[in-house]
Amino acid sequence: MDDTLYGTRDKSGHWKPNRWIKRAPVFVWPIQPKPFLRWLFSYLWPYNALYFAIALLVWFYLTPPLETMQEFGFGWILLILLRNTALVLLVYGGSHAVFYIQRRQRTDFKYNAKWPDTDNSMFLFGSQTAENIFWAMCSGVPVFTAYEVLTWWMFANAYIPHFDFMDRPVFFVTVLLLVPLWRELHFYLIHRLIHLGPLYEIVHKVHHNNVNPGPWSGLSMHTLEHIVFFSAVLIFYVVPSQPLLIMFVLIHLIVGPARGHLGFDAIAVSDDKILVNDNYYHYLHHKYFEVNYGERLIPFDEWLGTAHDGSPEADEAMFRRLKAKKNFVRGVSH
Ligand SMILES: [Zn+2]
Ligand SMILES: [Zn+2]
């Protein structure tokens, strides 16, 4: 697959897509019906449909019955922990194996031509991937499992608001469609917060060790960041829920970051077919730190002047903004 048909690589090995990074045609005026419908299809297919399919599978075949989860018990909690361990190994380990060990498409569509560091004292055990796996498995999976266990226990005991699908199917579909939007809003708010002052150093720096992210980097976070990141499921402690909605938000949280940090713009499906993965926007956040705090469904970055689309103009705007910020801080401290 020739990635030069889709983008360009500069002298220092950074590849960028030719297509223009655009915000979703949702918060736009006047409304744009055709682009909106096209966008809606890409919103649902394939990734959100895939996450929902996994949620169905996990809920019906790999989750204990609600009656069992009414009381905390070692057996069912261990089962959920093992299932989550297996899921993360499958999704993150699988994509790492294909793209970074087997290197099935070499560096085609890879944003950074370099492979993750294997001999860098900045990382635990001297290796980016080893550090990433450590945080993902030893912190990410247990924290995620704790949220899941608590949520099922609350739900099984009717301590959180709930409803039956048959009673309110339209409400179910509406909430289902709003889950990715909620994820994005929650992510923006917590992410913006943990970039502030000492919070960055304590909570978020571990994640930003990954200037050149791979799939495992997606869950490579400090435990405190895992605690805030997975807290998106708490929305269902307020909004009435149903098991599949809870499972959908959980799957979104645990599986989604693999895609968002793949490091490749597209997956070469065959010699002439690609599946655009589109994680360039967040990749630029890892590359430049102070841009693209959110995603593009709700264009917070555009509204607040922190968007970067990969263009030289955006580079210039970013440097101007950072310089002004530095001068301001210097002026205040004098
Ligand atoms: Zn960040
Ligand atoms: Zn990230």
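Helix α5 covers residues 169-193, 25 in number, and spans 36 Å from its first C-alpha to its last, close to the 36 Å expected at 1.5 Å a residue (1.5 Å times one less than the number of residues; helices are DSSP runs of H or I with at least four residues, strands runs of E with at least two, numbered from the N terminus). This is a predicted model, in which local features need pLDDT of at least 70 and side-chain atom pairs count only at pLDDT 80 or more, while totals for chains, interfaces and linings use all residues. Residues are numbered from 1 along each chain as its sequence is written, and side-chain values use heavy atoms, with hydrogens and water left out.

A kink of about 40° lies at Val179 in α5, shortly before Pro180; the bend is the angle between axes fitted to the seven residues ending at a residue and the seven starting there. Val179 and Pro180 are among the buried residues of α5, which also include Phe172, Arg183 and Ile190 (buried is under 20% relative accessible area, exposed over 50%, partly exposed in between, with a 1.4 Å probe and protein chains only).

Strands β3 (266-270) and β4 (273-276) run antiparallel, joined by 4 bridges, and form a hairpin with 2 residues between them. Ala268 has Ile274 in β4 as its bridge partner.

Beyond β4, Arg296 forms a salt bridge with Asp278, with closest N and O atoms 3.5 Å apart (a side-chain nitrogen of Lys or Arg within 4 Å of a carboxyl oxygen of Asp or Glu). Arg296 lies in the loop between α9 and α10 and Asp278 in the loop between β4 and α9, so the pair ties together parts 18 residues apart in sequence. Glu295 also forms a salt bridge with Arg296, at 3.3 Å. Shared partners join Asp278, Glu295 and Arg296 into one network.

Terms used
Chains lettered and ligands numbered in written order. Pairing = 2+ DSSP bridges.
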